[in-house]
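Q: I am new to this structure and would like a close look at one part of it, the salt bridges. Please take me through them with care, residue by residue.

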Amino acid sequence: MPDSWATSGLDLHLEAAGPGLRRGLTDALREAVRTGRLAPGTRLPSSRGLAADLGIARNTVADAYADLVAEGWLTARQGSGTRVATRAAAPPSRRPAPGGPPARREPARPAHDLRPGTPDLASFPRAEWLRAARRALAAAPHHALGYGDPRGRAELRTALAGYLSRARGVRADPGHVLVCGGFSHGLKILGAVLRARGVRTVAVESYGLDVHRDLLAAAGLRTEPLPFDALGTDPAALRNADAVLLTPAHQFPMGVPLHPDRRAAVVDWARRTGGVVLEDDYDGEFRYDRQPVGALQGLGPDHVVYLGTASKSLAPGLRLAWAVLPPGLAEEATAAKGSTDTCGTLDQLTLAEFLTSGGYDRHVRAVRMRYRRRRDALVTAVAARAPEVRVTGIAAGLHAVLRLPPGTERSVVQAAAWQGLALNGLAFFRHPAARTDPLDALVIGYATPPDHAWSGALEALCAVLP
Ligand SMILES: Cc1ncc(COP(=O)(O)O)c(C=O)c1O
């Protein structure tokens, strides 16, 4: 891609290199706004004009603009084009104070946020967490404040092994639990382990998170999308892969569980070939209408790495997650993590105390009921206001998939951005090489807003649905 463009009187150097063109362009534009190189109110070239300048597809530019509108860096109004948001202004002086850190500003927040991925942060159990932290610190021996075991504190690994076996059907030995700074950290470690073992290709789902695919790519692994149909991800094509990353209990983002025959097929494949299954159980606690679907790991603990996280059940800012490793991988993964790349001891001890005291179960039960009420309100409102839209993937999790009439996803996402409503279309999650027929849909994170903002966000959503 050329690295500069001159359009509409603007001359700007953009470094939009890297694996994802869209991401590269989005990052480059965001940085240009953030640092003030693109001044507030500046009108950006049309997506067609910029695409021609850069020699890339117009959709790539339109998607980058839509992402930045959703993040609040740009505004888009019919008739006046796409402009740098006035609230996204760089600070008056961009020169850092002598000796001080460079000035930074957070992006302006959208008026409503229904992007999936974050629980209602206002529901974090602050008082209970503080009480657990006080108890944990009072009971901790001095040596607990040292560097400690690279696998994580023994108290937490033991508490997790008990909880995961009771609540998720995981077969967990505390010695094989690895505490990580988020699922992403666990995936990074496992990517390095797999690559060192000679793995080249990891099968992934047709729909998923690009950050996870990027982490695997950064470890030198190729991702190969598996087909997706009404029964969930189809593992028939696994024969080409050495490992697979799956969300079996609740496919992200489509929201369906992996069909029981396919669960068995995945474990059979791993047993037959020695392949490794990475099970992302990101929101296994949240199932509303039936018993939770147990972890796949319970069917094949020697072949499945179970990965769970506190990012949905508590808060992503904790950066606490856990991997339960097959015995054959435990040592390599612990060595790859290393002894200094660990999570804060106090948070680990607090989570251990929160789990063993029953605080975690109480919190999950309470928020599950609130999320269920939101889900029901979403289903009712969409049925009443947009009968052509079908809400799917609602049995579990913190998000739903709204199936739109064919050909309407892009315009709905754009209309939402104009209204200050941040949301993701399904295309955002699609693997670039997916062969599954594309569907028009929105992925709505109904847990994201705090309670006071939920009804406004729902109203804004209904207003943009076809
Ligand atoms: C599919 C999926 N997996 C895992 C995670 C958790 O990631 P982390 O623990 O790194 O915050 C998320 C969070 O949004 C997710 O959507």
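A: What follows is a walk through some of the salt bridges, beginning with one residue and its surroundings. The model is a predicted one, and in it the structure holds 23 salt bridges.

A good place to begin is Asp67, which is found in helix 3. The side chain of Asp67 meets that of Arg22 in a salt bridge, with a distance of 3.1 Å from N to O. Because Asp67 belongs to helix 3 (residues 58-71) while Arg22 belongs to helix 1 (residues 21-34), the pair ties together parts that are 45 residues apart in sequence. As for how far each partner is open to the outside, Asp67 has a relative accessible area of 16% and is therefore buried, since buried means under 20%. Arg22, for its part, has a relative accessibility of 24% and so counts as partly exposed.

This pair also belongs to a wider arrangement, for Arg22, Asp63, Asp67 and Arg410 are linked in a network of salt bridges. If residues up to four places away in sequence are set aside, Asp67 touches Arg22, Thr26 and Phe428. Arg22 thus appears both as a salt-bridge partner of Asp67 and among the residues that Asp67 touches.

A second salt bridge to look at joins Asp361 and Arg166, whose side chains meet at 2.9 Å, again from N to O. This pair links distant parts of the chain, with Asp361 in helix 11 (residues 359-385) and Arg166 in helix 5 (residues 154-168), 195 residues apart. Here one partner is buried and the other is exposed: Asp361 counts as buried because its relative accessibility is 19%, under the 20% cut-off, whereas Arg166 has a relative accessible area of 52% and is therefore exposed, the cut-off for that word being over 50%.

A third salt bridge is formed by Arg115 with Asp113, and in this case the closest N and O atoms are 3.0 Å apart. Arg115 has a relative accessibility of 23%, so Arg115 counts as partly exposed, and Asp113, with a relative accessible area of 23%, is partly exposed as well.

To gather the picture together, the salt bridge of Asp67 with Arg22 connects helix 3 and helix 1, the salt bridge of Asp361 with Arg166 connects helix 11 and helix 5, and Arg115 is paired with Asp113.

Technical notes: Residues numbered from 1 in each chain as written. Predicted model: local features only at pLDDT ≥ 70, side-chain atom pairs only at ≥ 80, totals over all residues. Heavy atoms only, no water. Salt bridge = Lys/Arg side-chain N within 4 Å of Asp/Glu carboxyl O. Helix = DSSP H or I, 4+ residues; strand = E, 2+ residues; numbered from the N terminus. Buried < 20%, exposed > 50% of the residue type's maximum accessible area, 1.4 Å probe, protein only. Contact = heavy atoms within 4.5 Å.
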